[in-house]
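Reader: I'm new to this one and would like a close look at a single part. Could you pick out one strand and walk me through what surrounds it?

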Amino acid sequence: MDTQSNQAPYSGNPATGSTAKRAGPGSRSAGGAGADHLLDEQIAYYRALAADYLDQGLDLPGGDELTEALDAFRPAGSVLELACGPGVWTSQLLRYATDVTAVDASPEMLAIASARTGSGRVRFVQADLFTWEADRRYDVVFSGFWLSHVPAERFESFWSLVAGCLQPAGRVFFADDAYRTPDELVEGPSSSTIRRRIPDGTAYRLVKVPHRPADLERQLRQLGWDITVTSTAGPFYWGAGRRGNRPV
């Protein structure tokens with residue numbers, strides 16, 4: 001793994017500098033400077049929200065189905081958690097995982113996640129997932145409420161990154177939602193750019209792609225993934241599978 005300051009295992013201090021490689025499967029080159037600015041604003045939003053994030057959960061039907069589905073999946077072995085945030089899912093992963101590598105761009109989120117999990121079986125890594133390159137392969141790649149924040153133009157390169165992180169028989173699990181409020185749709189319902197505010201009222205733009213499970217499953221099959229995407233009773237969904245036609 002690249003050992004530049006913003007891609008090092010989390011040590012409790014925000015990274016300094018911005019010398020990460022801009023190449024490889026997670027490169028930000030697609031989409032240009034405007035897309036990069038939006039993704040930087042998305043990171044800034046989650047950094048600013050970190051202290052209040054755990055108070056922002058969606059009280060909507062179907063959430064329990066996600067945790068039940070992950071338990072049924074049993075993410076065993078070495079697990080890579082992408083965009084771990086404050087560690088909401090990390091503890092559940094540790095029920096089954098031998099070890100977890102948890103990656104997030106926000107040092108504030110990682111500090112909370114580290115304090116909440118308190119486990120020596122977790123390696124926290126501060127990195128921008130659109131530039132990061134893994135230093136090893138994993139049995140499972142997991143992401144909770146991250147896929148919808150991947151811009152459409154970076155969807156394929158993101159899944160190339162995931163493929164490069166997996167062992168040959170590795171598995172994938174993700175959970176997410178398609179929920180967007182009318183107030184967030186500052187560019188209209190056809191746009192994936194939304195606006196959200198942190199508790200002090202500061203507004204940020206970020207990406208929120210409202211994937212439809214059937215369409216998402218079809219997109220993934222076109223990229224060579226055998227992933228079943230399942231809807232819950234509410235706006236949530238989860239996906240589980242792997243590359244090719246191996247059974248989960």
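Author: Here is a walk around strand S2, followed by a look at the cores and one more buried residue.

Keep in mind that this is a predicted model. To get your bearings, the protein has six helices and nine strands, and 49% of its 248 residues are buried.

Now go to strand S2, which covers residues 97–104. Six of its eight residues are buried, so the rest of the structure largely encloses S2. What sits beside it? On one side of the pairing list is S1, which runs parallel to S2 over six bridges. If you want a spot to zoom in on, take valine 79, whose bridge partner in S2 is valine 100. S2 also pairs with strand S3 (residues 122–126), again in the parallel sense, this time over five bridges. Here you can look for threonine 101, which stands opposite arginine 123 in S3. Helix H4 (residues 107–117) joins in too: S2, H4 and S3 make a right-handed β-α-β unit.

Val100 is worth a second glance, as it belongs to a core of 23 residues that also includes Trp89, Ala175 and Trp238. That core is separate from the largest nonpolar core, which has 33 residues. In the largest core, Trp132, Phe158, Trp159, Val162, Phe174 and Leu220 touch the most other members. Several elements each supply at least two residues to it, among them S1 (77–82), the strand we just saw beside S2, and helix H5 (155–165). H5 gives the most, with six residues. Try clicking on valine 162: leaving aside neighbours within four places in sequence, it is in contact with Leu82, Val141, Val172 and Trp225. As a general point, nonpolar side chains in soluble globular proteins tend to be buried together.

For one last stop, find threonine 193 in strand S6 (residues 193–197). Is threonine 193 buried or exposed? Its relative accessibility is 10%, and buried means under 20%, so threonine 193 counts as buried. Its contacts, again leaving aside neighbours within four places in sequence, are Leu38, Glu184, Val186, Glu187, Arg205 and Leu206.

Zooming back out, take the contacts in the protein with a separation of 6 or more: residues 24 or more positions apart account for 63% of them. As for the outside, the accessible surface comes to about 11,000 Å², and 48% of that belongs to carbon and sulfur atoms.

How values were computed. Residues numbered from 1 in each chain as written. Predicted model: local features only at pLDDT ≥ 70, side-chain atom pairs only at ≥ 80, totals over all residues. Heavy atoms only, no water. Core = buried A, V, L, I, M, F, W, Y, C linked by side-chain atoms within 4.5 Å. Buried < 20%, exposed > 50% of the residue type's maximum accessible area, 1.4 Å probe, protein only. Helix = DSSP H or I, 4+ residues; strand = E, 2+ residues; numbered from the N terminus. Contact = heavy atoms within 4.5 Å. Areas by Shrake-Rupley, 256 points an atom, 1.4 Å probe, with all protein chains shown as cover. Pairing = 2+ DSSP bridges. Right-handed = clockwise from strand over helix to strand, strands pointing away.
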